[in-house]
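Good morning, colleagues. I would ask you to look at the sequence and the structure on the screen while I go through burial, helices and packing.

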Amino acid sequence: MEGVSAAPVPQPRTADPDPASGAASDRAGSRRSLAAALFLGAVGAAVVLLASGQIWVEGDAATAGGAFPLSVDGRDVTGVPAALAVVGLAALVAVFAVRGVGRLTVAALLALSGLGATVSAWAGASDSSALDDEAARSTGDTAATVDALSHTGWPIVAAAGGLLILLAGLLALRYGSRWPAMSGKYERDGTPRPGRAPRTAPDPDRPEDLWKALDRGEDPTRG
């Protein structure tokens, strides 16, 4: 029919995003990244320290009287992975004691510690110089040779631990700005801590107050 227009159909309004739910999601993500970094860093450092104390290279030293077995552990091959694991642990704790640029710096140190531990442990997987030195020291012959040389899998385990520390450092670099600091609960609302109330003058009618003032080195006769 002419002269009749169709009424507009009302469209449903889209709900505005709830800022409270977004903040809650950010806090949950921050807690997850924090827990993951702590777990990876602590486990990675423990793995590196454990693997560094195990046998990395084995062999037989050939002497005039025959051959005898020799072995060296990871710390004899290279002490770098264990030292960097300790540095990584210290950086993992220190990342919560600083904020801003300091936190980024410590997080970078954590990541570099993991990278250095990984590279040095991987290089130690093919190093035999420590066993040659042990053979020379044990036999007293600098020309002593080592036969049946073999490397264990512990250097690879140490390298894997270094990768875990590296991942913890990368998490700290990416999400560390959202993590709380050690003193955050005391400064959360930004208000100064209340100071101690000033002492009131002792009451001359209360002898115990006079004695307490004397014990503190005060003159109870002064108003």
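Let me begin with a term: a residue is called buried if its relative accessible area is under 20%, as computed with a 1.4 Å probe on protein chains only. Please also bear in mind that this is a predicted model.

With that term in hand, consider helix H3. In H3, the buried residues are Pro81, Ala82, Ala85, Gly88, Ala91 and Leu92. The helix has 15 residues, and the distance from its first C-alpha to its last is 21 Å, close to the 21 Å expected at 1.5 Å a residue.

I turn now to the annotation. The unreviewed UniProt entry lists residues 34–57, 77–97, 104–125 and 154–173 under "transmembrane region". In the model, residues 104–125 are 95% helix and 0% strand, with 32 Å between the end C-alpha atoms. Residues 154–173 are 100% helix and 0% strand, and their end C-alpha atoms lie 29 Å apart.

Next, the packing. Which residues have the most contacts inside the largest nonpolar core? They are Ala85, Val95, Phe96, Leu110, Ile165, Ala172 and Trp179, in a core of 17 residues. At least two residues of this core come from each of H1, H3, H4 and H6, and H1 gives the largest share, with five residues. A second core, separate from this one, has 14 residues, including Ala51, Ala61, Ala121 and Val146.

Leucine 110 deserves a closer look. Leaving aside residues up to four places away in sequence, leucine 110 touches Gly88, Ala91, Leu92, Ile165, Ala168 and Gly169. Isoleucine 165 in turn lies 8.1 Å from valine 43, C-alpha to C-alpha, although the two are 122 residues apart in sequence. Valine 43 belongs to helix H1, residues 19–52. Its relative accessible area is 30%, so valine 43 is partly exposed.

I come finally to the rings. The structure holds one aromatic pair. Why is this pair classed as stacked? The rings of phenylalanine 96 and tryptophan 179 have centres 5.9 Å apart and planes at 25°, and planes under 30 degrees apart count as stacked. The pair links distant parts of the chain, 83 residues apart: phenylalanine 96 is in the loop between H3 (80–94) and H4 (101–124), and tryptophan 179 is in the loop between H6 (154–175) and H7 (207–215). Both phenylalanine 96 and tryptophan 179 are buried.

One further ring involves a charge: the charged end of arginine 174 sits over the ring of tyrosine 175, 4.8 Å from its centre. Thank you for your attention.

Note on methods. Residues are numbered from 1 along each chain as its sequence is written. This is a predicted model: local features need pLDDT of at least 70, side-chain atom pairs count only at pLDDT 80 or more; totals for chains, interfaces and linings use all residues. Side-chain values use heavy atoms; hydrogens and water are left out. Rings of Phe, Tyr and Trp (its six-membered ring) pair if their centres lie within 6.5 Å; planes under 30 degrees apart count as stacked, over 60 as edge-to-face and the rest as tilted. Helices (H or I, at least four residues) and strands (E, at least two) are DSSP runs, numbered from the N terminus. Buried means under 20% relative accessible area, exposed over 50%, partly exposed in between (1.4 Å probe, protein chains only). A charge sits over a ring if NZ of Lys or CZ of Arg is within 6 Å of the ring centre and within 35 degrees of the ring normal. The expected span of a helix is 1.5 Å times one less than its number of residues. UniProt positions are given in the numbering used here, feature names are shortened, and annotations may be inferred rather than shown by experiment. A nonpolar core is a set of buried Ala, Val, Leu, Ile, Met, Phe, Trp, Tyr and Cys residues joined through side-chain atoms within 4.5 Å. Contact means heavy atoms within 4.5 Å.
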